[in-house]
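User: Can you walk me through this one? I'd like to hear why each label fits, with the cut-offs alongside.

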Amino acid sequence: MRSCRRPLLLGFVAALLLPSALSARQAESGRERLERRSAERAAALRAELESPRPIDAIESVWIEELTWMEVRDRLAEGATTAIVSTGGVEQNGPYVALGKHNYILESACEILALELGNALCAPVIKLVPEGGIEPKSGHMRYPGTISVRQETFQMMLTDVVRSLEAHGFTEIVLIGDSGGNQSGMAAVAEALDAEWAERPVSVVHVPEYYQADVSAFMADSLGIVEAKNDGFHDFYWVTAQQMVTDPATVRYEERVRAGLAHINGVSIAPAEESIEVGRAILEYRVRETVEALRERGVLDGR
Ligand SMILES: [Zn+2]
């Protein structure tokens, strides 16, 4: 019985081996096909990346509002400076929307980009460290505040800056509108700038944007002094800047109706006046920022 079965068994084994020998040949030609297709795809992508814009470009300085073709062409025309700004979502008293810093940056980054020329704004990084999450501490004690860990913030910033560098931005400027953002931005800028010492790229954090003495500017140049403190995380000089972007974010109409259109002894009405003050403050902070960039040689040759 046994000797009779052996040929059958051998035949069975051969039948198992044969398809695998065939599939090895097929895999080889399959690999070639894959390589050809991937080369074709790469060539198609190169052609697409070089293809001209079919329509006119828009004027925005915000990367997220542009198409990739518009960003490509702005870079080619010399817009090699990118501004990465960080805001926050935190409690700011009973009148001011949690996104205060982000609303201010909508105006501040745009003014800075236009002042620098050849500059674009990365999307505002809206989430930053705001205190402990569990247990809640700092601003996190108030509903709506969203906090990220310091390492989350720095990893996000790092990846954003790396993305911009990968696309050819050569001056990457970091500004933070909130106090808790400064050390993380400084650490990321320092680390990447050191890592890219051999590349023609500068990554700079500009603390002067945050440190600019707005109260002194407001007193000296505009004659406005916040004579008292209402005890909120809220100031006239901050509200005025926010109103440039949108008075609704400081509840302008609602406060006028409630007889509460003031903060720290300064009236926020009429809106047009506060917007004008806010714009002057933003322009002052932008001047301080540009000055700091010049001092650091970031704008040499620009
Ligand atoms: Zn803040």
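Analyst: Let's begin with helix α3 (residues 100-116), which packs against α10 at an angle of about 50 degrees with the axes 9 Å apart. Axes here are lines fitted to C-alpha atoms, for helices over the stretch in contact, and angles run from 0 to 180 degrees between N-to-C directions. Keep in mind that the model is predicted: local features need pLDDT of at least 70 and side-chain atom pairs 80 or more, while totals for chains, interfaces and linings use all residues. Residues are numbered from 1 along each chain as its sequence is written.

User: Why is α3 called oblique to α10?

Analyst: Because of that angle of about 50 degrees. Under 35 degrees counts as roughly parallel, over 145 as roughly antiparallel, 65 to 115 as roughly perpendicular, and the rest as oblique. So α3 ends up oblique to α10.

User: Which residues in α3 meet α10?

Analyst: From α3 you have S107, A108, I111, L112, E115 and L116, and from α10 L282, E283, R285, V286, T289 and V290 (contact: C-beta atoms, placed from the backbone, within 7 Å). That contact divides into 7 nonpolar, 2 polar and 3 charged residues (nonpolar: Ala, Val, Leu, Ile, Met, Phe, Trp, Tyr, Cys, Pro; charged: Asp, Glu, Lys, Arg; polar: the others, Gly among them).

User: And what makes α7 oblique to α10?

Analyst: Helix α7 (residues 214-222) packs with α10 (residues 271-295) at about 120 degrees, their axes being 11 Å apart. The value sits in the leftover class, so α7 is oblique to α10 as well. The residues meeting there are V214, F217, M218 and L222 in α7, with V277, A280, I281, Y284 and R285 in α10. By class, this contact has 8 nonpolar, no polar and 1 charged residues.

User: Why is α4 oblique to α5?

Analyst: Helix α4 (residues 150-166) crosses α5 at roughly 45 degrees, and the axes come within 9 Å. Put that angle against the cut-offs and α4 is therefore oblique to α5. Q150, F153, Q154, L157, T158 and V161 in α4 meet G184, M185, A187, V188 and L192 in α5, giving 7 nonpolar, 4 polar and no charged residues.

User: What is the strand order in the open sheet?

Analyst: It's β2-β1-β3-β4, 4 strands with parallel pairing (strands pair with at least two DSSP bridges between them). β2 (119-121) and β4 (202-205) are the edges because each has a single partner strand, leaving one side of each without a neighbour in the sheet. From one strand to the next, the twist averages 20 degrees.

User: How do you know that β3 pairs with β4?

Analyst: Strand β3 (residues 171-176) shares 4 bridges with β4 in the parallel sense, so the requirement of at least two is met. One bridge partner of note: E171 goes with S202 in β4. Helix α5 (residues 182-195) packs on the sheet, touching β1 (81-86), β3 and β4, and its direction makes about 160 degrees with that of β4.

User: How many helices and strands does the protein have, and why is it called more spread out than a compact globule?

Analyst: It has 10 helices and 6 strands (DSSP runs numbered from the N terminus: H or I of at least four residues, E of at least two). The radius of gyration is 29 Å, well over the 19 Å that the globule rule gives for 302 residues, so the protein is more spread out than a compact globule (C-alpha atoms; the rule is 2.2 Å times the number of residues to the power 0.38). The C-alpha trace spans about 110 × 50 × 40 Å along its principal axes.

Note on methods:
Two residues are in contact if their C-beta atoms, placed from the backbone, lie within 7 Å.
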